[in-house]
Amino acid sequence: ALVGEARPGASALLPSAASRVGRAREVVEGLLARPLRPDEDVDYAQRFRLDLDQLTPLVTGGNTLKSAAPAGAGDRVKIHKAWLVSCVNARAGDVAAAARELQGKKVAPWVKLYVAPASSEVQAEAEQSGDWQVLLDAGAIPLPPGCGACAGLGAGTIEAGEVGIAATNRNFKGRMGSRDGVVHLASPSVVAASAAAGYIVPPSTVAIGATADWVGESLVKELDIQHSSRGLESTELARELPELVSGFPRIIEGELLWCGADNISTDGIYHGRLMYEDLTPEQMADAAMENYDPSFSSTVQELRRGSGHGSVLLAAGCNFGSGSSREQAAQCLKYAGLGGLIAGSFSATYTRNALNNGLPIFESMELVQYLKDHFGSGTEASIERPTVRTGLRLRLDLAAWQACVVPVASAPKAAQEDVGSSKAVDQGAGRMFPLVPIGPVAQELLACG
């Protein structure tokens, strides 16, 4: 829905809002006039038909996006805070869905429900429809439009020992406040219903305990597999190694730290509460990875002081740098003195930010799997040893796009025992792992620093 009228108390619609309304209408009218259609000769790999009647509202968490269950299923979960906030799920339709759940109800006495519209225009529309007043009458606490609790800023953040449920898109550990709070994610309807009940429950249209088989074959009503007749020639061809541009390092080496979690988020790397603070490079270095592991900075400093072998290299699991696009998550690791990062994969935005800031990053699934096997792994929210001094020295031969690991004689005893338990590391020759080559444009960015 588009706001085409001035908000209550205003004499006219803001010029910026009127301009956005006009552009949005042009886009919609264009799509209606020329609907998007597939090519007539399109070749599908698979066709699925899903029975959406089998779906039920889900809740993810806590403190992870990788775990979901039907709302209200399992043990009863008491909440202390609920949020209908952020640019993601605090639009006019979301406010309306929450208002339908809270009409004639009150927020549970022990729960604080915070509402922050995605924009002032959204708030204007919700006020005109009456939905905003329904939330206020139910006991919701209004917050200004824009960024806030979702990024761990301002009023209404999660505190230690609290459990909350939010209609936003990220609930990484510590993102919305304390690392010792737990945040679940759900739809606006589930958040509103849970705020009134004081426990995580489904919306009024779904009975508690109605836990349909939301994954598995019962959801797939019809499956028509049509294998593509086109081959995967481009992925099967061996690619030549790219030449190295002038100024790009041929060798990068240092002692290896291991942060074994997959999906380490930019919130874990550089907390959102610091984004709007003007910190020095030294202060940013001290804050690096503190939300993932509060002892990370001191571990790096100790390793750099005690090492006579140059810089420190960091290896991590897959999808490193997921979440928000803040470039400070790359800058802080560079300021911390890391000579480079190696991961199974990086998020696309983190890749761009790292390259733009001159932080060398490389991918090697084989090396990461080896480190997982010998030093452990986990998730950002649950890992026994978040940062491990591996006792290994890593040498990146970028002319050959290979990584070599060998034990470090001066490593701590615990690290030497970890390496010693592995039969894969040869004390003399070390062990080699392939690196994914990067192209000349990325090389030039890194060469520029």
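# Worked exercises on a predicted model

Leaving aside neighbours within four places in sequence, Leu-341 is in contact with Leu-314, Phe-320, Leu-333, Phe-346, Tyr-350, Leu-359, Pro-360, Ile-361 and Phe-362. The structure is a predicted model, and the exercises below start from this residue.

## Exercise 1: The nonpolar cores

Task: Find which residues touch the most other members of the largest nonpolar core.

Solution.
Step 1. Begin with Leu-341, whose contacts include Phe-320, Leu-333 and Tyr-350.
Step 2. Now look at the core as a whole: it has 61 residues, and those touching the most other members are Phe-296, Phe-320, Leu-333, Leu-341, Tyr-350 and Leu-396.
Step 3. Apart from this core lies another, of 29 residues, with Ala-71, Ala-140, Val-190 and Ile-200 among them.

## Exercise 2: A pair of helices

Task: Work out how α11 and α14 are oriented to each other, and name the residues through which they meet.

Solution.
Step 1. Locate the two helices: α11 covers residues 348–356 and α14 covers residues 440–447.
Step 2. Two packed helices are described by the angle between their axes and the distance between the axes.
Step 3. Here the axes come within 8 Å and cross at roughly 45°.
Step 4. Angles from 35 to 65 degrees fall outside the parallel and perpendicular classes, and α11 and α14 are therefore oblique to each other.
Step 5. On the α11 side the meeting residues are Arg-352, Leu-355 and Asn-356; on the α14 side they are Ala-442, Leu-445 and Leu-446.
Step 6. Sorted by class, this contact has 4 nonpolar, 1 polar and 1 charged residues.

## Exercise 3: Another residue of α11

Task: Decide whether Asn-353 is buried or exposed, and list its contacts beyond four places in sequence.

Solution.
Step 1. Asn-353 has its place in helix α11.
Step 2. Its relative accessible area is 13%; the cut-off for buried is under 20%, so Asn-353 is buried.
Step 3. With neighbours within four places left aside, Asn-353 is in contact with Ser-325, Arg-326, Glu-327 and Ala-330.

## Exercise 4: An enclosed helix

Task: How many residues of helix α2 are buried, and what do they pack against?

Solution.
Step 1. Helix α2 runs over residues 92–102, and 9 of its 11 residues are buried, so the helix is largely enclosed by the rest of the structure.
Step 2. The buried residues are Ala-92, Asp-94, Val-95, Ala-96, Ala-97, Ala-98, Ala-99, Glu-101 and Leu-102.
Step 3. They pack against strands β4 (81–84) and β5 (112–115), and against helices α3 (120–129), α4 (131–138) and α5 (188–197).
Step 4. After α2 comes Gly-104, with a positive phi near 75°.

## Exercise 5: Backbone details

Task: Pick out a cis peptide bond and two residues other than glycine with a positive phi.

Solution.
Step 1. Most residues other than glycine have a negative phi, and most peptide bonds are trans.
Step 2. Gly-61 and Gly-62 are joined by a cis peptide bond, with omega about 0°. Gly-62 sits in the loop between β2 (58–60) and β3 (68–70).
Step 3. Asn-263 has a positive phi, near 60°. This asparagine is in the loop between β11 (261–262) and α7 (266–269), and is partly exposed at a relative accessible area of 22%.
Step 4. Asn-319 also has a positive phi, of about 55°. Its loop lies between β12 (311–316) and α10 (328–335), and Asn-319 is partly exposed at 26%.

## Exercise 6: Contacts across the sequence

Task: Find what Val-77 touches beyond four places in sequence, and how Arg-76 is placed relative to Tyr-199.

Solution.
Step 1. Val-77 is in the loop between β3 and β4, as is Arg-76.
Step 2. Arg-76 is exposed, at 64% relative accessibility, while Val-77 is partly exposed, at 27%.
Step 3. Arg-76 and Tyr-199 are 123 residues apart along the chain, yet their C-alpha atoms are separated by 6.8 Å.
Step 4. Val-77 and Val-163 are 86 residues apart in sequence and 8.4 Å apart in space, C-alpha to C-alpha.
Step 5. Val-77 touches Val-163, His-184, Gly-198, Tyr-199 and Ile-200.
Step 6. For the whole protein chain, among contacts between residues at least 6 apart in sequence, 76% join residues at least 24 apart.

Notes. Residues numbered from 1 in each chain as written. Predicted model: local features only at pLDDT ≥ 70, side-chain atom pairs only at ≥ 80, totals over all residues. Heavy atoms only, no water. Core = buried A, V, L, I, M, F, W, Y, C linked by side-chain atoms within 4.5 Å. Buried < 20%, exposed > 50% of the residue type's maximum accessible area, 1.4 Å probe, protein only. Contact = heavy atoms within 4.5 Å. Axes fitted to C-alpha atoms, helices over the stretch in contact; angles between N-to-C directions. Helix = DSSP H or I, 4+ residues; strand = E, 2+ residues; numbered from the N terminus. Parallel < 35°, antiparallel > 145°, perpendicular 65-115°, else oblique. Nonpolar A, V, L, I, M, F, W, Y, C, P; charged D, E, K, R; others polar.
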